[in-house]
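Let's take a walk through this structure together, one stop at a time. Have the sequence and the 3D view ready, and we'll begin with the charged pairs.

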Number of protein chains: 2
Amino acid sequence: MTRESAFPQVENAPAPTRRERVRQATSREIKEIARRHLTAHGASGVSLRAIAREMGMTAPGLYRYFTGLGDLMEALQADLFAELAAAVDAAEASVPAADTDGRLLAALRAVRAWGLANRAEFALLFGPAASQAAAAEDSPAAEAGRRFAATFVALFDQLIAEGRFTVPAEAEASPALRSQLEAFARLTGFSGDRASSGAIRVLLSCWVRFYGIVCMEVFQHLGFVADDMEALFEAELRDLAAGLGVAYRAP
Amino acid sequence: MTRESAFPQVENAPAPTRRERVRQATSREIKEIARRHLTAHGASGVSLRAIAREMGMTAPGLYRYFTGLGDLMEALQADLFAELAAAVDAAEASVPAADTDGRLLAALRAVRAWGLANRAEFALLFGPAASQAAAAEDSPAAEAGRRFAATFVALFDQLIAEGRFTVPAEAEASPALRSQLEAFARLTGFSGDRASSGAIRVLLSCWVRFYGIVCMEVFQHLGFVADDMEALFEAELRDLAAGLGVAYRAP
DNA sequence: GAGAAAAGTGAACACCGTTAGCTCGCTTAC
DNA sequence: GTAAGCGAGCTAACGGTGTTCACTTTTCTC
């Protein structure tokens, strides 16, 4: 087992003991199985007992790894956010770095594609905020969510920097709205000086619109419109891009 | 119990027998209690055994009224759609019939208000399409959903009739999109001749946008923006109205 | 009042999350 | 090298769930 030493230790990682490694592996396995059950039977189809059974152990044993089913689901949520973020990054990376327009379009399409390919997972991330009351601002899941959002914040930030779209006059917004938008910009990490509340408003509006069309499709409302809503999505994306001063391109 | 005869029989209703009446009452009671549990503990907090316990009977007895938990939830969904539709109609009715603009704004605000006041219920109606595979096109729930949608179809239809907004050129849309939009118009009952695919596209786009902002708020995403997203909602509503040629008015 | 149909019950099956107390084996300290 | 300690996992148990089946009780109809 000294083969492991072939992989150079990550700097500052405190030499994970053997126990630690097998622990990580078990934890990963639990989440893998949970993910499979999620995909196959939806969020309510994930059960500790079934997972344990599949692993050849008993349910109480899982409590050594997660404090309960809710905790597992939260961990899963964090992983899924990371997976989605990776899918988005990959899509973005397949476009020249200088091509901001292409990167934004690719990123948005990647979110939709991932959602359609992973309905239950998408619902877990973007559906009704189940139980978690306040959703613990500092939970790993929330953290992963922010990391996902960061990709889009960066893209949007660039649009602002390049002065792509015309910003509505500040006077149009009520003071309440303005202060909310400013707080939002601060929290999400938009570059403070350039990102006027008007610009944030435009971006947030686009994001809401995008969220709406993707949720509708993934949650299978408007199912009566058509099986394949790609045409509608692309039409919406075209409008969205237009509003942002981004040149639309067919996929 | 002959007091019942004081209420004139509804025409064509085949004289409900006493048994039938008490059956209806029990059915209503089951749904009432289910609704309370839904409100209090979310969709997963609705259980047949708990309902039966509260009614002083046993769970298997409920199978005389619903074929299972899923069936109950579907019935509940239908009732909730009706309740939401009633709330919307009430809001609409509080505005002069001739004031199309006011009625539309009131109707949209009513949906948001209902959703915020009934989060779990809203999630049941507009959240991820749980299990029901195809969601049975002809289920009572789907029927109730269509009746809810009809209110907005009527309002939108009127906007089209009044030629409120400029319709994008037909040529802009791909053939695939056009045929989808036309199918949609047919299915939802837009008045065929006037409702061009372009007009439908504008309306659908607005609906998606509205869906997006309300879902985000009700599902408590963007929770970090602010507790009270009313300002943002109103801003969005203003834009939406502008796009439809509807005069925005503060609530 | 007899017979049929509906309403409701009890027991059982197969699941579920979670807790408590225990055993066994690996790791660490002496 | 051995003894202590700690972590992983197990068994048993509690209370909860949906659902089925056979049975009894109630109610309506003739």
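Counting over all chains, there are 32 salt bridges here. Keep in mind as you look around that this is a predicted model. One of those salt bridges is a good place to start: in chain A, the side chains of Arg249(A) and Asp99(A) come together at 2.9 Å, N to O. What makes this pair fun to trace is that it links distant parts of the chain, 150 residues apart. Arg249(A) sits in the segment after H10 of chain A, while Asp99(A) belongs to the loop between helix H4 (69-93) and helix H5 (100-117) of chain A.

Now move to where the two chains meet. How many residues of chain B are in contact with chain A? The count is 42 residues of chain B, touching 42 residues of chain A. The size of an interface is often given as the accessible area lost when the parts come together. For chain B and chain A, that buried area is about 3400 Å², and carbon and sulfur atoms give 67% of it.

Salt bridges turn up here too, with four of them between chain B and chain A. Among them is the one joining the side chains of Arg201(B) and Glu236(A), at 3.2 Å from N to O. Counting polar contacts instead, you get 16 residue pairs between the two chains, with both residues at pLDDT 80 or more.

So which helices of chain B are involved? On the side of chain B that touches chain A, at least two residues each come from helix H6 (119-126), helix H8 (175-188), helix H9 (197-218) and helix H10 (230-244) of chain B. H9(B) provides the largest share, 11 residues. Sorted by class, this side of chain B has 26 nonpolar, eight polar and eight charged residues.

Next, let's look for empty space. Rolling a probe the size of a water molecule over the atoms shows where empty space is left. Only one cavity of 30 Å³ or more is counted, and the largest cavity holds about 60 Å³ of space. Its lining is made up of Val111(A), Phe122(A), Phe126(A), Phe148(A), Trp207(A), Phe210(A), Tyr211(A) and Val214(A). By class, that lining has eight nonpolar residues, with no polar and no charged ones. Helix H6 (119-126) and helix H9 (197-218) of chain A each supply at least two residues of this lining, and H9(A) gives the largest share, four residues.

Our last stop is the second largest pocket, with a volume of about 500 Å³. Of the 28 residues lining this pocket, the closest to its centre are Pro168(A), Glu172(A), Arg201(A), Ala235(B) and Asp239(B). Helix H8 (175-188), H9 and helix H10 (230-244) of chain A, together with H10 of chain B, each supply at least two residues of the pocket's lining. H9(A) gives the most, with seven residues. What is the mix of classes in this lining? The residues of the pocket's lining divide into 13 nonpolar, six polar and nine charged.

Technical notes:
Residues are numbered from 1 along each chain as its sequence is written. Chains are lettered from A and ligands numbered from 1 in the order in which they are written. This is a predicted model: local features need pLDDT of at least 70, side-chain atom pairs count only at pLDDT 80 or more; totals for chains, interfaces and linings use all residues. Side-chain values use heavy atoms; hydrogens and water are left out. Contact means heavy atoms within 4.5 Å. Buried area is the accessible area (1.4 Å probe) that two parts lose on being put together, summed over both. A salt bridge is a side-chain nitrogen of Lys or Arg within 4 Å of a carboxyl oxygen of Asp or Glu. A polar contact is a pair of N or O atoms within 3.5 Å; within protein, one must be able to donate a hydrogen and the other to accept it, and residues adjacent in sequence count only if both atoms are side-chain atoms. Ala, Val, Leu, Ile, Met, Phe, Trp, Tyr, Cys and Pro count as nonpolar, Asp, Glu, Lys and Arg as charged, and the others, Gly among them, as polar. On a 1 Å grid over the protein atoms alone, a cavity is a set of points where a 1.4 Å probe fits but cannot get out, and a pocket is an open set with protein on both sides within 12 Å along at least five of seven lines; lining residues have an atom within 4 Å of a point. Grid points are joined across faces, edges and corners, and a volume is the space filled by probe spheres set on the points.
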